[in-house]
Amino acid sequence: MAKHILTAFIEKVIQFDSEGEAEGYKHFLEAGKQQFKIKAMQTDAAGKCYMTVRVQYNQNYFPE
């Protein structure tokens with residue numbers, strides 16, 4: 001029986017030292033060939049920025 005991957009992505013939660021560093025990572029993603037979607041971004045009282053991002057896995061379909 002053949003298996004078919006219908007959709008695939010990697011979800012990451014990344015901690016940055018500042019919002020500027022997070023924005024730099026966002027520009028890095030925009031320059032790449034993979035599709036991505038930022039699900040959440042927040043900054044804590046200490047100034048650390050947390051980003052939850054989904055990135056396309058290989059050439060699999062990426063849900064919008």
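These legends go with a set of close-up views of one predicted model. Because it is a predicted model, local features need pLDDT of at least 70 and side-chain atom pairs count only at pLDDT 80 or more, while totals for chains, interfaces and linings use all residues. Residues are numbered from 1 along each chain as its sequence is written, and side-chain values use heavy atoms, with hydrogens and water left out.

**View 1. The whole chain, β-α-β-β from start to end.** You'll find one helix and three strands here; helices (H or I, at least four residues) and strands (E, at least two) are DSSP runs, numbered from the N terminus. The C-alpha atoms fill a box of roughly 55 × 20 × 15 Å, taken along the principal axes. The radius of gyration is 14 Å, where a compact globule of 64 residues would have one near 11 Å; that value is taken over C-alpha atoms, and the globule rule is 2.2 Å times the number of residues to the power 0.38.

**View 2. The open sheet, with strands in the order β1-β3-β2.** The pairing is antiparallel, and two strands pair if DSSP finds at least two bridges between them. β1 (9-16) and β2 (36-43) are the edge strands, each with a single partner, so one side of each has no neighbour in the sheet. From one strand to the next, the twist averages 15°. Axes are lines fitted to C-alpha atoms, for helices over the stretch in contact, and angles run from 0 to 180 degrees between N-to-C directions.

**View 3. β1 against β3 (residues 49-56).** Eight bridges hold this antiparallel pair together. One to look for: Glu 11 has Arg 54 in β3 as its bridge partner.

**View 4. Helix α1 on the sheet.** Residues 19-31 make up α1, which lies across β1, β2 and β3 and runs at about 180° to β2.

**View 5. Gln 56, a buried residue in strand β3.** Its relative accessible area is 9%; buried means under 20%, exposed over 50% and partly exposed in between (1.4 Å probe, protein chains only). Setting aside neighbours within four places in sequence, Gln 56 is in contact (heavy atoms within 4.5 Å) with Ala 8, Phe 9, Lys 33, Gln 34, Gln 35 and Phe 62.

**View 6. Asn 60, in the segment after β3.** Asn 60 counts as buried too, at 17% relative accessibility. Again leaving out neighbours within four places in sequence, Asn 60 is in contact with Ile 5 and Ala 8. Across the chain, 22% of the 64 residues count as buried.
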